[in-house]
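Dear colleague,

Please find below the structure that I am handing over to you. My notes on what was found in it follow directly after.

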Amino acid sequence: MKKTLQEIAEYVGGRIVGDASIVISGLDNIEGAGEHDLTFAVDPHIEEAKTCRAAAVMLPEGVADFPKTALYVEEPRAAFARLLELFTPKLQFPAGVSEQAHIGKDVKLGKDVVIMPFAVVDDHAVIGDRVTLYPHTYIGQYAEIEEDTVIYSSATVREHCHVGKRCVIHCSAVIGSDGFGFTTHEGVHTKVPQVGNVVLEDDVEIGAHDGIDRAAMGSTVIGHGTKIDNLVHIGHNCKIGPNCLIVAQTGISGSTTVGHNVTFGGQVGTVGHINIGANSVYAARSGIIGDMPEGVFCAGFPVQSHAEWLRMQASMKHLPEMYKKFRQLEKKLAKYESK
Amino acid sequence: MKKTLQEIAEYVGGRIVGDASIVISGLDNIEGAGEHDLTFAVDPHIEEAKTCRAAAVMLPEGVADFPKTALYVEEPRAAFARLLELFTPKLQFPAGVSEQAHIGKDVKLGKDVVIMPFAVVDDHAVIGDRVTLYPHTYIGQYAEIEEDTVIYSSATVREHCHVGKRCVIHCSAVIGSDGFGFTTHEGVHTKVPQVGNVVLEDDVEIGAHDGIDRAAMGSTVIGHGTKIDNLVHIGHNCKIGPNCLIVAQTGISGSTTVGHNVTFGGQVGTVGHINIGANSVYAARSGIIGDMPEGVFCAGFPVQSHAEWLRMQASMKHLPEMYKKFRQLEKKLAKYESK
Amino acid sequence: MKKTLQEIAEYVGGRIVGDASIVISGLDNIEGAGEHDLTFAVDPHIEEAKTCRAAAVMLPEGVADFPKTALYVEEPRAAFARLLELFTPKLQFPAGVSEQAHIGKDVKLGKDVVIMPFAVVDDHAVIGDRVTLYPHTYIGQYAEIEEDTVIYSSATVREHCHVGKRCVIHCSAVIGSDGFGFTTHEGVHTKVPQVGNVVLEDDVEIGAHDGIDRAAMGSTVIGHGTKIDNLVHIGHNCKIGPNCLIVAQTGISGSTTVGHNVTFGGQVGTVGHINIGANSVYAARSGIIGDMPEGVFCAGFPVQSHAEWLRMQASMKHLPEMYKKFRQLEKKLAKYESK
């Protein structure tokens, strides 16, 4: 792939300051870009980009006195992402259903599916148009995968689960494993059948090794546009709202409801059966132990406002010294009092 | 499946107040139940159930003045679980060994096994009667799976490991991966061969993406009736007692011994080479750093009694203000003293 | 396998005190060793070994008055590890490529590979000499696996990734899943293509269920000799130095650089885009939120020196009582002042 900077500027909608005829043959980050590459820079990396080897640099409007050929756009990250799609050659997979795949009985297959060797689509499942199933995927009985979804190797969608349009399910993710439900009688735990399912709405991304448990009854739901990082646990009967971001190794306990546009940093945990309001951010390691309102920025375990958490952390640093001084003070006062 | 409330009452052993002839065609939770469904309610949900749409409500003995047809039983959760089994149609799988499975040499297969496409049973393994192996399961050489166990897709039981009767191993779980053991000489780590195995006793449930590491020598043991949630790590040579509950994302370090009936909440961690006494509960996020007695309820990192943890959390909230006041106090006293 | 103690002493380079003609038929730990076994003991287990049933005990030089036949060596752990290799019969796998494996087009296969049933090597991949691929492994397009590497069941190495010599990749690990990168516009998250790869250098060990994300651009790198335990997350564009140890359930956020010989205990977390210096140890549960120098021993969240962390933990125990006394003190002083 080769394009002039002029062609690139037209593709992403940008303004060139410098030589528009430069031929760009690759994209890379500031450090890695060579003399025929385009890179991009936003704060705080603009200074670093001034001396990089790239042929040209994509920048946000407003950066003055840039010593290299520059392509100004409104959102460099987003524009660069579009270019990456353009420049990266797509992997080619043989169209259709591999002879080494297993398709059960009464399965509905859409148009232009790619089903690779050793994928299994079990009886009564429905696979939408242009769905891609990598090797060793297992789509359970009566499961439904809507169009344009990609499921990577060794991922499972268990029986009766529903995956929306344009979803991405990464390697070894498990959709619809049994929820962790038992009744206990005299110390012996008996399984409560988990007869519900999981519904992933459209445009959901599920990370490698995520486990989204099926509901005991009804559905565990992941709202449209929600993106989940690796090694995340979502318990049975959770309802996660649309457009959330859930960073790696977070665990949401069963029957918890989360509003839209909530971000959970890495290694967050929540108890079950709570409501977490929309439009909020929970910093990494937050431990959420009760209902939460909308529109908050929180941290800590138990969770508190991020500002309070910072104050608490600051004062904790003084704790050992304060404790020492406090004991001296006590002794001193005891002496005064005994006089 | 349709049953009269009378038939259901006889099945679970209950007492009807209201119309025993009602025909029940489904089961659901309070919110989801429709006019032909049975639901159940226990505290604190009994008030909510009074106005639900369900045809009838299963209740614990002792609830008076309930405005709908009620079925009183001793343990509504357990009785409802039994009904769920009854009402949920079982998935049908072709009996026997799929022609697309791989069965190694010198393998012993029990009666009425279900071995699905692309399952692999490696040489010298033993598969008990009525065992179910989903697609993409791998049973290693000399491994033994006892009767009535179900192993879901992409799970692995590595060589020489032993799985008891009626176990459930969820998708992508790994039984018998190498323990994390190295000797270090001048900064270079050399692998210590992990030549032991894993023994899962009867009625164990292993969650999706659990990793139960094989012992360096001897066996890592999970006691009978213990149930493990998703994404849990059990290190090499651990001995977990019977009837424990281990919630998601917990990690038990190597060579730790745990007594019977211990509950670990989510995201708990322990150091290795310790003894954790029986009949205890560790709250979510507990960090256990030494031997623990029997019969405790603990929380925090480092772990302490749950009551102490609550007190500490309560006083930590006052810390920033106390620190501020303490510094004012110091200044004031310094002034007094200088007079 | 049977060997005299004399033969064993010659193999590991040791000195016998006692009967050199004893025939050893097995190896086990102190507790498990029977009367024909050799065991080993180092502090603090030497006392316990004096009364064990083993035929002989391997000990470090310097242990005097040992009541059983002893084999003295410089490093008992390392010597015993070598013996375990010798005594444990290797599993036998049919040489070559299983007829039930899938080998894509334009694949290069080295000499003496073992490729088991239902393994998939996709188009243009390169597999080095003596590589072992267990069932249900997936090697993506253009991926390269160098010689003597072993990849266990259901592990994935995605397209364009590179795995060095003598690596071990455990069951269900995922190398090269997409990094978690999105641009957000009016609350809607759009995927940034992750077009980089992962490079595992030589002698790397990757635990079960680890996810090593591919770089957005360029490479995520795991340095030679680094060993990673189970359920670990390594974000996109991380550069992990050589000879590190990363214990289970740790998460390293994207674009973080780690020096050589760094140990992360279990359940550690880091923010992204930081530099963590070489030759350091981070205790379990450390939460690293900024750049870190070389040669430190740290703990806590936010991380601090281990010594400070211990002091803080010690003073925190006194906090509830200090708070109570502080309030009494305040009242008392208020009374004085009002006089």
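The lining of the largest cavity is made up of three nonpolar, four polar and three charged residues. Please bear in mind that this is a predicted model. Chain A contributes A:His170, A:Glu205, A:Gly207, A:Ile228, A:Asp229 and A:Asn230 to that lining, while C:Asp178, C:Gly179, C:Phe180 and C:Phe182 come from chain C. The space in this largest cavity amounts to about 60 Å³. In the structure as a whole there are three cavities of 30 Å³ or more.

One residue of that lining, C:Phe180, appears again in the contact of chain C with chain A. Together with C:His189 and C:Met217, C:Phe180 loses the most area to chain A within chain C, and the three account for 15% of what that side buries. The area buried between chain C and chain A is about 4,900 Å², with 66% of it given by carbon and sulfur atoms. To this contact chain C brings 67 residues and chain A brings 60 residues. Two salt bridges are counted between the two chains. One salt bridge joins the side chains of A:Glu330 and C:Lys325, at 3.6 Å from N to O. In addition, 22 residue pairs are in polar contact across the interface of chain C and chain A, both residues being at pLDDT 80 or more.

I turn next to the contact of chain C with chain B. Here 60 residues of chain C and 67 residues of chain B take part. The size of an interface is often given as the accessible area lost when the parts come together. For chain C and chain B the buried area is about 4,900 Å², 66% of it on carbon and sulfur atoms. On the chain C side, C:Arg285, C:Tyr323 and C:Phe326 supply 12% of the area buried against chain B, which is more than any other three residues. The count of salt bridges between chain C and chain B is two. In the salt bridge between B:Lys191 and C:Glu205, the closest N and O atoms are 2.7 Å apart. Polar contacts across this interface link 23 residue pairs, again with both residues at pLDDT 80 or more.

How, finally, are the chains arranged with respect to one another? Two copies of a chain are related by a rotation about an axis and a shift along it. Chain C is superposed on chain A by a rotation of 120° with 0.0 Å of shift along the axis, at an RMSD of 0.1 Å. These two copies are therefore related as by a three-fold rotation axis. For chain C on chain B, the superposition likewise takes a rotation of 120° with 0.0 Å of shift along its axis (RMSD 0.1 Å).

With kind regards

Notes
Residues numbered from 1 in each chain as written. Chains lettered and ligands numbered in written order. Predicted model: local features only at pLDDT ≥ 70, side-chain atom pairs only at ≥ 80, totals over all residues. Heavy atoms only, no water. Least-squares fit on C-alpha atoms with pLDDT ≥ 70 in both. 1 Å grid on protein atoms, 1.4 Å probe; cavity = no way out; pocket = protein on both sides within 12 Å on 5 of 7 lines; lining within 4 Å. Points joined across faces, edges and corners; volume = space filled by probe spheres on them. Nonpolar A, V, L, I, M, F, W, Y, C, P; charged D, E, K, R; others polar. Contact = heavy atoms within 4.5 Å. Buried area = accessible area lost by both parts, 1.4 Å probe. Salt bridge = Lys/Arg side-chain N within 4 Å of Asp/Glu carboxyl O. Polar contact = N/O pair within 3.5 Å; in protein donor to acceptor, adjacent residues only side chain to side chain.
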